[in-house]
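This note sets out, in numbered points, what a reader may look for in the structure shown below. Please keep the sequence and the model at hand while reading.

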Amino acid sequence: MTVETTTHAEQILRRLGIEAENHGAFDGSWIATSGERIVSLNPATGEPLAAVRTASVEDYERVAESATAAFRAWRTWPAPKRGEVVRQLGLELRRHKEDLGALVTLEVGKIKTEGLGEVQEMIDMCDLAVGMSRQLYGKTMHSERPSHRMYEQWHPLGPVGIITAFNFPVAVWAWNAAVAAVCGDSMIWKPSSETPLTALAVTRIAARVLAANDAPPVFNLILADRTVGKEMTADRRVPLISATGSVTMGRAIGKAVSERLGRSLLELGGNNGVIITEKADLDLALRAVLFAAFGTAGQRCTTARRLFLQKGIAAEMKQRLIQAVRSIPVGDPMQDDVLMGPLVNQRAVDDMMQAIETIREQGGTLLTGGGRLDRPGFFVEPTVVEATPHMPITCEETFAPILYVFEFDELDEAIEIHNSVPQGLSSAIFTLDLREAERFLAATGSDCGIANVNIATSGAEIGGAFGGEKETGGGREAGSDAWKIYMRRQTNTVNWGTEMPLAQGVEFDVEA
Ligand code: NAD
């Protein structure tokens with residue numbers, strides 16, 4: 001790292017209130033945690049940014065008590081008043097967008113526009129949630145009994161546990177936190193140990209907004225290892241665990257939460273496919289696939305990992321794809337002209353190299369890339385592989401910029417192979433043929449939570465519910481009616497008459 005960039009990083013950290021050494025838990029005030037010292041590294045250089053002491057189970061207990069007390073107070077605030085606090089959170093995020101976006105780049109290695117885009121997503125979530133705060137609608141029904149009124153209403157649920165993955169270190173918190181807050185819930189956030197600094201910065205901003213409104217400490221933080229994470233998933237005071245991460249993590253958490261019959265919202269891995277037919281606009285398709293496969297260095301849950309090319313256009317598309325991939329500027333994500341930054345850590349590089357070995361063993365052909373870059377930091381080459389659906393590795397999510405290319409004859413065949421993997425997050429078709437597009441979107445088409453036409457698999461907007469099927473976990477976050485999982489639903493029947501009729505015509509006439 002040059003002296004100049006060190007200074008730049010230090011300035012960003014200082015403006016966001018990050019010290020060289022930091023406490024790892026917040027329950028309305030910062031708790032002097034004394035667990036393991038985690039050093040957050042800049043993946044573009046491998047050099048340290050700042051350190052955090054993780055929280056213990058005792059620290060968790062304190063945070064959980066505080067979150068429970070905060071919930072009891074917060075649920076009595078009218079929802080639009082809670083929305084006003086979230087509106088102010090959005091304003092504070094706007095004020096800190098540049099620094100927070102830069103910190104995402106420093107800590108995760110996303111290119112600058114993606115770091116800023118992630119903070120924009122937080123802001124958008126706040127705006128959406130403010131609107132929701134006046135639209136937490138329950139329905140009224142017609143009772144079968146005379147002089148009876150029936151309706152349902154939605155009440156705050158309780159403290160929500162939010163577990164987030166490294167690759168969207170702040171946006172995923174906002175997907176949950178902005179909505180849970182207007183719903184009347186408090187929260188305990190356990191971020192990834194790879195990204196403690198962005199979590200500290202966001203918690204500081206959110207705490208200031210709460211203090212300015214005399215609001216209870218609903219935005220709590222616990223930076224801790226899995227032992228503490230497990231404590232939270234088993235905690236009956238936390239009715240909902242919203243967890244984003246790998247399928248392995250989701251299995252463990254889903255099991256622990258269902259053991260106590262709690263509620264879980266799981267946003268897990270994807271293995272997303274793009275189908276390009278002979279009737280596609282190939283220029284459009286190529287541009288879209290390049291971002292979907294190699295943006296964020298292939299580290300999005302919605303990254304395009306499998307590309308299905310119809311035979312008539314396959315040779316041309318492969319050639320254009322290889323040429324374009326070789327021209328992707330890889331390097332320091334802080335630089336404006338760079339489009340692909342590093343992987344998050346050395347383990348991610350090793351995992352990708354292991355996957356390349358496996359690809360070779362299973363008969364895949366490297367069309368371009370496949371190596372690591374000989375420079376400081378955790379850089380790899382964007383990689384394209386000629387594959388067959390029989391290669392078991394193509395059914396796994398390798399969290400790296402590897403794109404598998406397949407060829408197909410008929411659309412039905414492509415859809416079948418597309419749906420044959422265990423994950424079901426995002427999917428896309430490129431075609432200008434209405435019948436092909438509708439075939440893909442039909443009940444017999446893509447089996448994913450997200451299915452797009454002429455846009456690729458990544459870069460979802462927050463207005464629509466986000467999430468996937470099968471091993472992706474079934475959870476939905478952000479827009480539409482996804483707020484419902486953060487509330488408890490109550491059906492109310494009111495008898496305003498003088499008779500006591502029973503439902504379904506049951507009679508129970510006792511002299512009384
Ligand atoms: P990860 O599974 O290693 O960790 C995710 C989080 O879970 C971390 O905070 C981790 O500390 C925690 N965790 C892991 N095991 C736990 C346990 N047993 N109990 C409690 N907490 C536990 O994932 P990662 O490497 O940080 O992120 C990459 C993965 O996340 C990819 O699979 C990606 O597809 C997925 N992801 C999914 C979405 C989505 O919305 N579907 C979004 C982003 C990332």
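1. The charged end of Arg375 is placed over the ring of Phe379, at 4.1 Å from the ring's centre. A second contact of this kind involves a lysine: Lys110 lies over the face of Phe168, 3.5 Å from the centre of that ring. The reader should bear in mind that the model is predicted.

2. How many aromatic pairs does a search of the whole structure find? The search finds eight. One of them joins Trp74 and Trp77, whose ring centres are 5.0 Å apart and whose planes stand at 45°, an arrangement described as tilted. Trp74 has a relative accessible area of 0% and is buried, whereas Trp77, at 22%, is partly exposed. The limit that separates the two descriptions is 20%, since buried means a relative accessible area under that value.

3. Another pair is formed by Trp154 and Trp483. Their ring centres are 5.2 Å apart and their planes meet at 75°, so this pair is edge-to-face. Planes over 60 degrees apart receive that description. Trp154 belongs to strand S7 (residues 148-156), while Trp483 is found in the loop between strand S23 (477-478) and strand S24 (487-495). The pair therefore ties together parts that are 329 residues apart in sequence. Both partners are shielded: Trp154 is buried at 12% relative accessibility, and Trp483 is buried at 6%.

4. Aromatic rings also occur in a group. Trp173, Trp189 and Phe219 are linked into a cluster by ring pairs.

5. Which residues lie nearest the centre of the largest pocket? They are Arg226, Gly245, Ser246, Met249 and Arg347, out of a lining of 46 residues. The volume of this pocket is about 1,500 Å³. Four helices each give two or more residues to its lining: H6 (171-183), H8 (226-233), H9 (247-259) and H12 (346-361). Helix H9 gives the most, with six residues. Sorted by class, the lining of the largest pocket contains 21 nonpolar, 15 polar and 10 charged residues.

6. The second largest pocket has a volume of about 410 Å³. Its lining is made of 25 residues, and those nearest the centre are Glu114, Phe291, Gly295, Arg300 and Gly459. Helix H5 (112-132) and helix H10 (282-294) are the elements that give two or more residues to this lining. Helix H5 gives the most, with five residues. By class, the lining of the second largest pocket divides into 13 nonpolar, six polar and six charged residues.

7. How many disulfides does the structure hold? It holds zero. A disulfide is a covalent bond between the sulfur atoms of two cysteines. To count as one here, two cysteine sulfur atoms must lie within 2.5 Å. For Cys395, the closest cysteine sulfur is that of Cys448, at 13 Å, which is too far for a bond. Cys448 is likewise in no disulfide, with its nearest cysteine sulfur, in Cys301, 12 Å away. As for their surroundings, Cys395 is partly exposed at 26% relative accessibility, whereas Cys448 is buried at 15%.

8. Two points on the backbone deserve a check by the reader. Asn454 has a phi near 60°, a positive value in a residue other than glycine. This residue is placed in the loop between strand S20 (450-453) and strand S21 (465-466), and Asn454 is partly exposed, at 22% relative accessibility. Lys470 also has a positive phi, near 55°, and is likewise a residue other than glycine. In contrast to a loop position, Lys470 is located in strand S22 (residues 469-470). Its relative accessibility is 37%, so Lys470 counts as partly exposed.

Definitions and conventions
Residues numbered from 1 in each chain as written. Predicted model: local features only at pLDDT ≥ 70, side-chain atom pairs only at ≥ 80, totals over all residues. Heavy atoms only, no water. Buried < 20%, exposed > 50% of the residue type's maximum accessible area, 1.4 Å probe, protein only. Phe/Tyr/Trp six-rings, centres within 6.5 Å; stacked < 30°, edge-to-face > 60°. Lys NZ or Arg CZ within 6 Å of the ring centre and 35° of its normal. 1 Å grid on protein atoms, 1.4 Å probe; cavity = no way out; pocket = protein on both sides within 12 Å on 5 of 7 lines; lining within 4 Å. Points joined across faces, edges and corners; volume = space filled by probe spheres on them. Nonpolar A, V, L, I, M, F, W, Y, C, P; charged D, E, K, R; others polar.
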